[in-house]
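Trainee: I should like a close look at one part of this structure, namely its aromatic pairs. Please set that part in the context of the whole chain.

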Amino acid sequence: MVNKSTHVIYPGTFDPITNGHIDIINRGLKLFDRVTIAVSTGFNKNTLFTLAQRVTLAQEIFKDNPSVDVLAFDGLLADFFMKIKADAVIRGLRAVSDFEYEFQMSAINHKLNPDIETIFLTPDEEYTCLSSTMIRQVAKIDPNRVSSFVPENVLKALHQVLR
Ligand code: ADP
């Protein structure tokens, strides 16, 4: 257990936020005082949802939890981390396949800003197969089939954007 008052940042594209992301955020809240969900512009990624939509979906989910903030960010995580005075980064590890990318990301972030430590959390087993990419792919064929993997507001938004 970490003792000092802590503020962690959870960066990602969240296109869209899924129950897997939510599981990681809830685990983060057990260990840390505040979690800021940092929604990346996605750089060159062709996202299904706009940045504003991705931020709004996350805000709706955590609207009753004062320990969770949702912010959009552009540019380097290393700079945004400093700007919002976070203490650490949290990321989710689903499987060994995530490890290499996440390991490299944490190493480069630490080189860019030596104050950044990345803490990895694993989700409940039922979410290990879940990714935003999979959700988008399945939902494009039949949005109803992802109903158990995303919150209701995300399901509604998927129906609207894929109509
Ligand atoms: P990516 O970095 O591939 O664009 P996201 O931005 O959606 O993925 O995800 C942000 C973070 O959440 C990453 O650390 C990713 O590994 C993690 N994550 C995504 N889905 C899950 C899940 N189902 N369980 C645990 N962690 C997850």
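Mentor: Two rings of Phe, Tyr or Trp, the last represented by its six-membered ring, count as a pair if their centres lie within 6.5 Å; planes under 30 degrees apart make the pair stacked, planes over 60 make it edge-to-face, and the rest are tilted. A pair of aromatic rings is thus described by the distance of the centres and the angle of the planes. The model before us is predicted, and it holds three aromatic pairs. Two of them are described here.

One of these pairs is formed by Y10 and F14, whose ring centres are 5.2 Å apart. The angle between their planes is 75°, and the pair is edge-to-face because angles over 60 degrees fall into that class. Both Y10 and F14 are buried. Another pair joins F73 and F80, with 5.1 Å from centre to centre. Here the planes stand at 20°, so the pair counts as stacked, the limit for that class being under 30 degrees. F73 and F80 are likewise buried.

F14 deserves further attention. This residue is found in the loop between β1 and α1. Its relative accessible area is 3%, so F14 counts as buried, for which the limit is under 20%. The backbone of F14 has a positive phi, near 50°, although the residue is not a glycine. The loop between β1 (7–12) and α1 (19–31) also contains P16. A cis peptide bond joins D15 and P16, with omega about 0°.

A second positive phi outside glycine provides a contrast. K85 has a phi of about 55° and lies in the loop between α3 (77–83) and β4 (88–92). Its relative accessibility is 66%, and K85 therefore counts as exposed, a class that begins over 50%.

From that loop one may pass to strand β4, where R91 has its place. R91 is a charged residue by type, since Lys and Arg count as positive, yet R91 is buried, with a relative accessible area of 15%. Leaving aside neighbours within four places in sequence, R91 is in contact with Y10, P11 and G12, as well as with Y101 and E102. The list of its contacts is completed by T118, I119, F120 and L121. Y10 thus appears twice in this account: as the ring partner of F14 and as a contact of R91.

The wider setting is as follows. The chain has six helices and five strands, and from the N terminus on its elements run β-α-β-α-β-α-β-α-β-α-α. Of its 163 residues, 46% count as buried. Helix α6 (residues 152–162) contributes N153, V154, L155, A157 and L158 to the buried residues, and the buried residues of α6 pack against α2 (51–61) and α5 (132–141). Among contacts in the chain with a separation of 6 or more, 75% are made by residues 24 or more positions apart.

As to overall dimensions, a compact globule of 163 residues would have a radius of gyration near 15 Å, and the chain agrees with this because its own value is 15 Å. The C-alpha trace spans about 45 × 30 × 30 Å along its principal axes. The chain exposes about 9,400 Å², of which carbon and sulfur atoms supply 53%. Finally, the chain carries 17 positive and 19 negative charges, and the mean positions of these two sets are 4 Å apart.

Conventions. Residues numbered from 1 in each chain as written. Predicted model: local features only at pLDDT ≥ 70, side-chain atom pairs only at ≥ 80, totals over all residues. Heavy atoms only, no water. Buried < 20%, exposed > 50% of the residue type's maximum accessible area, 1.4 Å probe, protein only. Helix = DSSP H or I, 4+ residues; strand = E, 2+ residues; numbered from the N terminus. Rg over C-alpha atoms; globule rule 2.2 N^0.38 Å. Contact = heavy atoms within 4.5 Å. Areas by Shrake-Rupley, 256 points an atom, 1.4 Å probe, with all protein chains shown as cover. Charge placed at Lys NZ, Arg CZ, Asp CG, Glu CD.
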